[in-house]
Amino acid sequence: MIDYISLSLTALHQALVNQEVTPKILVEQALEKIKADDNNAFEYICEKEALLFAEELSHQEPEADNIFWGIPYVMKDNFSTKDILTTASSRLLADYVPVFSAEVYLRLMGAKAIMIAKATLDELAMGGTGSSGHKGQTFNPWDKTHTRMIGGSSCGSAASCASGIVPFSIGSDTGDSVRKPASFGGLVGFKPTWGLISRYGLFPFAPSLDTVAYFTRNVTDCAHILNLLAGHDFKDMTTAKRPVVDYVEKLNIKKPYILAVVDEIVEATDDPLIKAVFIKHLSLLEKQGLVIKHVSIDKKLLEAVYPTYYIISSAESTSNNANLDGIKFGVHQAGESYEEMLFKVRTNGFSHRIKRRFVIGGLALLEDNQQDIYLRAARSRRLIVNAFKRVLAECDAILLPASPTIAKPFNETVPTKSFDKKMSIADNHLAVGNLGGFPSITLPLGFKDNLPFGINLTGDIFTDEKVLSIAKAIEELIGLKDLIAGVRK
Amino acid sequence: MTYRAIVGLEIHLQLVTNTKLFSGALTDFGALPNSQIAPLDMAFPGSMPTINERCVKAAIKMANALDMSLSETMTFDRKNYFYSDLAKGYQLTQYFNPLGRDGQLLLTTAEGEKVIHVTRLHLEEDTAKQVHVNNETWLDFNRAGVGLIEIVTAPDFNSGVEAEQFAKLMQKLALKLKISTGKMQEGAMRVDVNVSLQKEDSAFKGVVVEIKNLNSFRNIARAVNAEIKRQKILLESKEALYPETRRYDEINNLTIFMRRKQQKNDYHYFPETNIAPIKLSQDLIDMAVNEDKPRGDVLADYTLTTMQKSVLTRNPYLKTLFIKLINKGLPSDFVANFLAGKVQAALKIMGAAKLQKIEEETITLLALYQAEKISSKQLTTFYQQLLANKSLNDIYNSDNDAPIASEQRLAAIIDEVLLECHEAVIAYRQGKDKSLNYILGQIYRKTNNQVDPKITKALLLKKMED
């Protein structure tokens, strides 16, 4: 039997339409792989639900005009799925079964895509290592020694797409939670413009930064998913009321686009190989007719990206997670008073790292501190975004290394107390995409020690179709797509 | 020494709207506990607020009546604190940018007319109701998220009676504007007072004491008077006064200490980013102000069953679609029936975005049915196909069971039926109009509903006259 499930979305659709394979076989193949998975990528396997759905579809004709028909996918476990356990990888929500469904999930269900599993994440989507969920570390499928991270917070979604278990997986991106793991996993990771996809049903971490984002193994699949998910939803007042665009149709528009390279960020990339491969591709792109423009952004602003992101996201997170008291839902702890119950639930329910975030966020919002911390971060956010907007006013998109390193071993990620400014510039610039709400995509650029690293492209808000079509051109030039961990082509 | 009482009011009015301020859940007073809840009211993770325009209009009406200036854009903020009746752990309110500012109202007092300044008016959501049973606290989330407006006056009153009169005036105003029942015993109007005593001809500005949750007009005056008396005694005996929160004990006619205000509550206020700033358009303001009779609901104009009405009210999208279809000239009972049935079922499974995508085609489809171009069975199957991403054009053109177009074939079927229902034909000719429907029914049955009703009827009538 051919390993159909490891095909791309577009290829799988063709196989389904040609009736070479059925949704049921795809689901069975995916389930088999999930059961054999040793990367700790899953919270809940929807075996019964998926098989039932596939069975239902087996009585139907494959829908030639619906690319999602019968396709298995994986959903990050911070999307509310009615009647299906949703834990956000937190002890506090270990038994939480939602009563309503996220818009994203409903759209995929309406398109008859089959959710095969809920993927693990950093607890409540806070973290970048894929190690803080209640089930521990999620491993990088490219590294069979199980010492390296796939990155977070969308670690399970990234690992399942990188291992070829599903052709696409849904995640969320608040700082770089999809685009960084995409770099470590040889994947395409896309965070569209804030407000393009409904967040209804996505567990909020920091609503002004949170974006529904996702993984595929090529840019065309990525555009197909945006076609389904983009668009106004009255349940999320922040979704844009813009006419629907066919992102797939616009993929092949080729123009002499101007791409900006922020020299300070490339400069801060320490790894000589990653830097060299990146620079080599700049000249290759120029040969293809694209224009590369080197620009400069004040280092102080770039150094401020991480603290700014951290303060704003932590402040918002304290408030967004104040609903978790174990009284209405979640793991309850008995107590003599409301205060005692709350204290027990939140002390035992959250990991240390989450509590640290809440304390910092709470401090930033105290009336006496707001001016100095929270509002200063808000001003800093505006300055950073304006600096990038000025670049984007003159260029079509910004092109940068997605990460200064390949996937790191877990034992190198112990947080250090000192703040390495140079490292921070290269490691955290993707958060600018969230501060500004920009569309931003990571795609595979190369390999080092048999581990992938990526390149990132970021455009101005609501230029998603342009970003995708440039990404498509870059993908063709680099020639790395449909990568699956352990399967070298 | 003579003292001058300085009194200010904070009034909460619970808004009479069919649904809550942000969640879309119903708001019937006296419904079974925890029966009127949407995911947001319980703060289920991922639920998000949407604004109820009726609440905004109500607030605009009151702000207008109080002669206030309206903010240009409407924004909301989070007031963060932990309490068992506050599901989200924060209350959505308008802290930084209240909807109305700097208003006034003329109050007729014993000493003549007096201008009362109204500092601010803002929208916010109510908390859940706590019911204490023996040693337990029960929570009823029906009230959680109901729209409130809070009105804060300047300290312009000098007696308990004035404060009471103003509160009565506010109730009257709320009733006149039909925005709140103002019933204090039901908690639809809640009053807090701030009381301080100033010494005449002295720099002493007094110490502000707040008395919370006064539950009747009479108690407003009595509580203020009791507090004035308490403060006077303390001041005269040169004892210290502290800023504090107190409550009123009706039986002993005393105010009772609750907590000191020294430790300022810190609510970590910050803007709610799930609600983008909304421009208050002149249209909306005009609409609110000129709405002399508040129609509880746009649906009130149509004759609908309770079930249909509740379906439309609970699903904002269906309600919008309903209005659109009505405006296209389709009859309300037919539209409501279709929306409450097929469309609601699809909405539950596929979500509103999907339905919006096929909205234009849905409207066309219903118009086709109304024009008797398609049968009811086709209406159903075509709609299912629309939901399955087929275009109406394709469906219509490729329909295997397309209406039996050939008049010749139809005529043959009619002849057949006429022979079979000979008795009905005679009855019809004798003036029994109902028989015609019977015969039509037979034709529909024979053709499996696949005939154009209009053409069939015309043809049948022609044949019966022959």
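Where in chain A is the place of Ala125(A)? Ala125(A) sits in the loop between E3 and H5 of chain A, and the views below start there. This is a predicted model, with local features needing pLDDT of at least 70, side-chain atom pairs counted only at pLDDT 80 or more, and totals for chains, interfaces and linings using all residues. Residues are numbered from 1 along each chain as its sequence is written, chains are lettered from A in the order in which they are written, and side-chain values use heavy atoms, with hydrogens and water left out.

**View 1. Backbone oddities in one loop of chain A.** Ala125(A) isn't a glycine, yet has a positive phi of about 70 degrees. Ser153(A) is also found in the loop between strand E3 (114-119) and helix H5 (155-162) of chain A; helices (H or I, at least four residues) and strands (E, at least two) are DSSP runs, numbered from the N terminus. A cis peptide bond, omega about 5 degrees, links Gly152(A) to Ser153(A). Both are worth a look, because most residues other than glycine have a negative phi, and most peptide bonds are trans.

**View 2. Where chain B meets chain A.** Here 46 residues of chain B touch 48 of chain A (contact means heavy atoms within 4.5 Å). About 3,800 Å² is buried between the two, 61% of it from carbon and sulfur atoms; that's accessible area (1.4 Å probe) lost on putting two parts together, summed over both. On the chain B side, Pro45(B), Met48(B) and Phe82(B) lose the most area to chain A, together 17% of what that side buries.

**View 3. Chain B's elements at the interface.** Elements giving two or more residues to the side touching chain A include strand E4 (77-80), helix H6 (316-327) and helix H8 (352-357) of chain B. H8(B) gives the largest share, four residues. As for salt bridges (a side-chain nitrogen of Lys or Arg within 4 Å of a carboxyl oxygen of Asp or Glu), the rule finds zero across this interface.

**View 4. The lining of the largest cavity.** A cavity is a set of points on a 1 Å grid over the protein atoms alone where a 1.4 Å probe fits but can't get out, and lining residues have an atom within 4 Å of a point. This one has 17 lining residues, with Pro204(A), Leu40(B), Ser47(B), Lys88(B) and Tyr90(B) nearest its centre.

Conventions
1 Å grid on protein atoms, 1.4 Å probe; cavity = no way out; pocket = protein on both sides within 12 Å on 5 of 7 lines; lining within 4 Å.
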